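Hi everyone, thanks for coming. Please have a look at the sequence and the structure on the screen, and then I'll walk you through a few spots.

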Amino acid sequence: MGSLFADFGLNPLMGRVFGLLLASEEALSLSRIAAELEVSKATVSILIRQLESFGYCQKLPTKGNREHFYLLRENYLPFSYGKRISREMSQLDIIRELGDAERDAPAFIRARIEEFMAFNEFIISEQGKALDKWKRNEG
């Protein structure tokens, strides 16, 4: 998994943490993940928070135990992809604002911004449709 994550510009160690979660039926503690990968708990903590922010895993509530446990999120693929689409929509809003601000720019710049927006609006729309179809077929 490490090399797969690296191919997408992500930390290969994050891919290894994800791989451990993927291969585990039970929740894993930061200590156990760190021991398995022979890295520090602090490093694992940073990576696991990133995986949480992507929607791949979740922290389980623990009572009377200071150790945090993590598990691959149920339906992690559609959930994380939905988060990705939301991020892309936010980025598109920024580009849209740039386009509005560049009304007085030369025509070729406006054309490039418009093409960028049209392409990304199309891609986001198609991704949303594919995600909806996946959810319908899984349910």
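**A small walk through the sheet**

Let's begin with one pair of residues: Lys-59 stands opposite Tyr-70, which lies in strand 3. Keep in mind that this is a predicted model.

Where does that pair belong? Strand 2, residues 57-60, is joined to strand 3 by four bridges, and the two run antiparallel. Strand 3 also pairs with strand 1, residues 28-29, again in the antiparallel sense, this time over two bridges. Over there, Ser-29 stands opposite Phe-69 of strand 3.

Now put the pieces together. In what order do the three strands form the open sheet? The order is 1-3-2, with antiparallel pairing. Strands 1 and 2 stand at the edges, and each has a single partner strand, so one side of each is left without a neighbour in the sheet.

Let's stay with strand 3 for a moment. In a regular strand, side chains alternate between the two faces of the sheet. Here, strand 3, residues 69-72, has Tyr-70 and Leu-72 on its covered face, while Phe-69 and Leu-71 are on the uncovered one.

Last stop: the surface. Which residues form a nonpolar patch there? They are Met-1, Leu-4, Phe-8, Leu-10 and Leu-22, and together they have about 470 Å² of accessible area. Find Leu-10 in the loop between helix 1 (2-7) and helix 2 (12-22). Leu-10 counts as partly exposed because its relative accessibility is 31%, and partly exposed covers the range between 20% and 50%.

Methods:
Residues numbered from 1 in each chain as written. Predicted model: local features only at pLDDT ≥ 70, side-chain atom pairs only at ≥ 80, totals over all residues. Heavy atoms only, no water. Buried < 20%, exposed > 50% of the residue type's maximum accessible area, 1.4 Å probe, protein only. Pairing = 2+ DSSP bridges. Patch = residues over 30% accessible without salt bridge, like charges linked within 9 Å, V, L, I, M, F, W, Y side chains within 5 Å. Areas by Shrake-Rupley, 256 points an atom, 1.4 Å probe, with all protein chains shown as cover. Salt bridge = Lys/Arg side-chain N within 4 Å of Asp/Glu carboxyl O.
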